[in-house]
Amino acid sequence: MIDFGRWLQPGMGVWWSQAAAEPRSLVDELLAAAPDFGPLRLFTGLSWNDQLAQAISPADRMVSYGGLGTLRALGATDQLDVVPCHYSALPRMFAEHRFPCDAGLLQVSPPDRDGMCSLGIGVDYMADAVEHTSLLFAEINRQMPAVPGSPRIPVNRFTATIDTDHPLQEEDRRPADALDRAIAGHIITLVDVGDTLQVGIGSTGAAVFDALAGHKDLGVHTGMITDGVLRLIDKGVVTGARKQVDVGLTVAGTALGSSDLYTRVADLPILFRPTSYTHSPLVLSQLSSLVAVNFAIEVDLTGQVGAEMSRGTYLGAVGGQVDFARAAALTGKRSIIALRSTMRGRSSIKFSLDEGVVTTGRSDVDCVVTEHGIAHLRGQPLAERRRRLIDIAAPEFRDELQRATRAAS
């Protein structure tokens, strides 16, 4: 047990690692003790802590870049403050102390013979935040691997530690279905030999990687590496041989997948780097073969993308979508946005975005893909964009979209 009250005071800000690197044991201890010395400002990204909404004191506030995972439940109780920002801006947000960063909670590997701990599969924004955080608390998990590229932190840098020995959290994802596979089948026709890929996470992303099994010499530069990438490395499809930077290496900020992925990453040609590298405009601009594949909740008839909200609820984030989409469209190969043509019985291709929130601007979208086909938008005027997007909308909504277009003319 850590006596957090010894170091933390009311109003202080505490961040912790996200996704599979989330230090659940430390977080549970902090939240259980916080009412005695809070309130606190808290920050994390993707959380799978199913007790989070119940554990956080009503006086505490959660800050995040989106409403991912169990953070959605905090949004329902009005305890979530979403800061819309590009993922590439996270390092600056911590450097300027705009995000809570008086203290940080990490899950790390056991110290090596030199007393150095690795951030393991969770390098990501954590590596950048560490530089601006005075108090660091570590959960030293015997099952967290030490991976290539991860910053090493001296064990004596930590204010306090706890020792654990438990499997890393595995991704909770539904299996890809026929619609995912249909969308993936269209996307892979837009990927050429030697391209460098960034693919968003989720079931459709997994289907894309599975559909790429017949390609050759692909590279990967992404925020999160998944089991789909692992399978393509095993098949000799992902080699990185034709990348313009980090040749022969897959670059990622964190891993998100199965125990098999976590067990093997340390022995594969995968380089884990901080957000200040993975999402850097300078780095991405060097990847002239970059194909970015990202996903949306809704797209309007000009190509504007909404990927954050649905029916007033935060479901996603700006995240790295714009960072990769803009680089792919401007200095890379191709920016692709994919989505199912319907969601909850409504068209996902809209005359105008229901939520009024634009995640990715239409100028950063080269292609939109649904299960009904591909709308090539690069270089097309607005009238032609509308026609092409209506062609890939769900058939039962096409007449309605055409009527709305004529009425607005």
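Hi everyone, let me start with one pair of residues: F137 has A160, in strand 9, as its bridge partner. Before I go on, this is a predicted model, where local features need pLDDT of at least 70, side-chain atom pairs count only at pLDDT 80 or more, and totals for chains, interfaces and linings use all residues. Residues are numbered from 1 along each chain as its sequence is written, and side-chain values use heavy atoms, with hydrogens and water left out.

Back to that pair. Strand 7, residues 135–141, runs parallel to strand 9 and is joined to it over five bridges. Two strands count as paired if DSSP finds at least two bridges between them. Strands here are DSSP runs of E with at least two residues, helices are runs of H or I with at least four, and both are numbered from the N terminus.

Now look along strand 9, residues 160–164. Which of its side chains are buried? A160, I162 and T164 are, and they point to one face; T161 and D163 point to the other face and are not buried. Buried means under 20% relative accessible area, exposed means over 50%, and partly exposed lies in between, with a 1.4 Å probe and protein chains only. That fits the general rule that in a regular strand the side chains alternate between the two faces of the sheet.

Next, an open sheet. Six strands make it up, in the order 11-10-16-21-25-26, with mixed pairing. Strand 11 (219–220) and strand 26 (373–376) stand at the edges with a single partner strand each, so one side of each has no neighbour in the sheet. At the strand 26 end, strand 25 (residues 367–370) runs antiparallel to strand 26, and four bridges join them. One named pair there is V368 with A375 of strand 26.

On to helix 7, residues 203–211. Seven of its nine residues are buried, so the helix is largely enclosed by the rest of the structure. The buried ones are S203, T204, G205, A206, A207, V208 and F209. What do they pack against? Their neighbours are helix 6 (178–187), strand 10 (196–199), helix 8 (227–234) and strand 16 (290–295), where contact means heavy atoms within 4.5 Å.

Finally, let's zoom out. The chain has 14 helices and 26 strands, and 57% of its 409 residues are buried. Of the contacts with a separation of 6 or more, 69% are between residues 24 or more positions apart. The C-alpha atoms fill a box of roughly 65 × 45 × 35 Å along the principal axes. Thanks, everyone!
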